[in-house]
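Visitor: Got a minute to walk me through a model? I'd like to start with the charged side chains.
Guide: Sure, here it comes.

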Amino acid sequence: MNQKEIPYKIYLEESEMPKSWYNVRADMKEKPEPLLNPGTHKPVTLAELSGIFCEELAKQELNDTDVYIEIPEEIRKFYKMYRPSPLVRAYCLEEKLQTPAKIYYKFEGNNTSGSHKLNSAIAQAYYAKQQGLKGVTTETGAGQWGTALSMACSYFDLDCKVYMVKVSYEQKPFRREVMRTYGASVTPSPSDTTDVGRQILKEHPGTTGSLGCAISEAVEAAVSTEGYRYVLGSVLNQVLLHQSVIGLETKAALDKYGIEPDVIIGCAGGGSNLGGLISPFMGEKLRGEKDYQFIAVEPASCPSLTRGKFAYDFCDTGRVCPLAKMYTLGSGFIPSANHAGGLRYHGMSGVLSKLYDDGLMEARSVEQTAVFEAATQFARVEGILPAPESSHAIRVAIDEALKCKETGEEKTIVFGLTGTGYFDMVAYEKFNNGEMSDYIPTDEDLQPGFDSLPKM
């Protein structure tokens with residue numbers, strides 16, 4: 001079909017929605033290194049993981065063999081409230097840039113949580129309900145995950161306890177209030193409600209917090225409360241599995257119009273959006289069927305892939321979670337309070353870290369003023385106010401399109417628009433007022449985190 005015949009928005013029918021999640025690990029010849037018990041340094045067992053996570057989610061976490069895992073009907077029923085999500089041709093952005101590139105974005109912000117996080121939140125809440133639990137605990141950074149989980153728990157009548165990174169708790173009160181509206185309790189982290197929180201406050205008085213801190217508190221709250229389990233919004237294998245609906249729908253929509261992408265771009269914090277978007281395309285690359293250029297985009301102020309170490313590290317600041325081999329800045333790394341663009345986690349998904357280390361994808365870091373410049377440009381021509389996280393991908397998509405303008409190449413670029421930025425107006429205000437500055441940690445700033453890596 002001629003490119004001019006492609007509509008602005010490509011929608012799939014409900015009947016075309018994925019019926020199974022895709023497990024990219026099954027197609028990886030070299031698997032990611034296993035999670036390790038922090039005490040014994042031996043691979044964690046299903047029994048050990050089931051003490052922290054729901055049992056079915058623990059099974060998914062360890063599953064390296066099943067290519068497809070069926071999506072339960074009740075989850076698919078919930079998905080139908082906001083899925084399939086549209087794949088949008090960015091005609092207006094292409095015209096503004098005067099580029100020969102074709103730009104598409106998969107828009108995941110068309111639900112109340114405002115982001116892709118709901119895809120995994122509803123799955124994890126479903127399995128908690130199936131197990132007969134009373135509730136779950138979690139952490140959230142910018143607030144998208146906490147919002148999504150509060151919605152999912154409300155749907156299944158589960159209690160939801162959220163530990164929110166303190167700087168976001170203070171800067172994003174409306175995101176916090178959406179969580180509370182859906183019935184969640186929200187605690188700024190680090191807090192004095194947990195042993196690990198009190199210890200972190202003692203060692204770092206006045207800290208603005210980090211996802212690593214909040215994870216530690218949420219895990220402690222889960223394991224010390226009967227009938228509760230911990231759930232996580234990114235990084236883990238199970239989360240990337242659930243988020244594969246993004247990539248599966250994207251591929252189906254492209255195939256529907258005979259479109260072959262050249263470059264696929266996603267923002268990268270812990271890895272849930274990027275992993276979900278690229279998974280089925282990466283599967284084709286792993287099987288030798290097709291080739292694509294994959295670009296992970298992360299903030300220059302929290303550069304785990306571009307400047308981190310590929311090593312076993314704790315997933316949390318309090319060092320109570322299993323060890324994961326990943327690109328990491330060290331579990332004690334706390335992003336600068338100046339950092340306003342989300343993507344605050346100190347490490348990267350073990351799956352994505354392995355793919356990156358094997359040379360199957362590339363990574364770039366971008367400064368936050370450049371990110372918000374791209375966000376503003378996109379909002380003005382495409383009519384969507386993007387989340388700061390998504391805007392990292394927008395920045396590099398624009399950069400790639402401008403390269404095509406210089407070279408005359410007609411590449412097809414696909415990026416993930418993970419959500420909307422309507423709860424991120426404090427950051428937009430700083431940018432609009434000219435008060436936003438860039439912070440790039442020096443090698444000396446990063447060294448303490450590297451020095452704290454566990455000796456294996």
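Visitor: Asp195: buried or exposed?
Guide: Asp195 is exposed, because its relative accessible area is 52%. The cut-offs: buried is under 20% relative accessible area, exposed is over 50%, and partly exposed is in between (1.4 Å probe, protein chains only).

Visitor: What am I looking at, prediction-wise?
Guide: This is a predicted model, so local features need pLDDT of at least 70 and side-chain atom pairs count only at pLDDT 80 or more, while totals for chains, interfaces and linings use all residues. Residues are numbered from 1 along each chain as its sequence is written, and side-chain values use heavy atoms, with hydrogens and water left out.

Visitor: Which residue forms a salt bridge with Asp195?
Guide: Arg198 does, with the closest N and O atoms 2.5 Å apart. A salt bridge here is a side-chain nitrogen of Lys or Arg within 4 Å of a carboxyl oxygen of Asp or Glu.

Visitor: Where do those two lie?
Guide: Both are in helix 9 (residues 195-203), 3 residues apart, about one turn of the helix. Helices (H or I, at least four residues) and strands (E, at least two) are DSSP runs, numbered from the N terminus. Arg198 counts as partly exposed, because its relative accessibility is 38%.

Visitor: How many salt bridges does the structure hold?
Guide: The structure holds 27. Another one joins Asp443 and Arg307, at 2.9 Å from N to O. Asp443 lies in helix 19 (residues 443-451) and Arg307 in helix 14 (residues 304-307), so the pair ties together parts 136 residues apart in sequence.

Visitor: What's the accessibility of Asp443, and of Arg307?
Guide: Asp443 is exposed at 53%. Arg307 is partly exposed at 25%.

Visitor: Which residues do shared salt-bridge partners join into a network?
Guide: Lys251, Asp255, Glu260, Glu284 and Lys290 form one network.

Visitor: Switching to strands. What's the order in the open sheet of 7 strands?
Guide: The order is 1-4-5-15-10-11-14, with mixed pairing. Strand 1 (9-10) and strand 14 (362-366) are the edges, each pairing on one side only. Two strands pair if DSSP finds at least two bridges between them.

Visitor: In which sense do strands 4 and 5 pair?
Guide: Antiparallel, over 3 bridges, with strand 4 at residues 87-89 and strand 5 at residues 102-107. Val88 has Tyr105 of strand 5 as its bridge partner.

Visitor: Now rings. How many aromatic pairs turn up?
Guide: A search of the whole structure finds 18. In one of them, the ring centres of Tyr79 and Tyr82 are 6.3 Å apart and the planes are at 85 degrees, so the pair is edge-to-face. Rings of Phe, Tyr and Trp (its six-membered ring) pair if their centres lie within 6.5 Å; planes under 30 degrees apart are stacked, over 60 edge-to-face, the rest tilted.

Visitor: Tyr79: buried or exposed?
Guide: Tyr79 is buried, at 1% relative accessibility. Tyr82 is buried too, at 6%.

Visitor: Which ring does Tyr105 pair with?
Guide: Phe378, edge-to-face, with 5.2 Å centre to centre and 75 degrees between the planes. This pair links distant parts of the chain, as Phe378 is in helix 16 (residues 368-382) and Tyr105 in strand 5, 273 residues apart. Tyr105 is buried at 2%, and Phe378 is buried at 0%.

Visitor: Last one. Which residue lies over the face of Phe450?
Guide: Lys309, at 5.0 Å from the ring centre. Lys325 lies over the face of Phe310, at 4.8 Å. A charge sits over a ring if NZ of Lys or CZ of Arg is within 6 Å of the ring centre and within 35 degrees of the ring normal.
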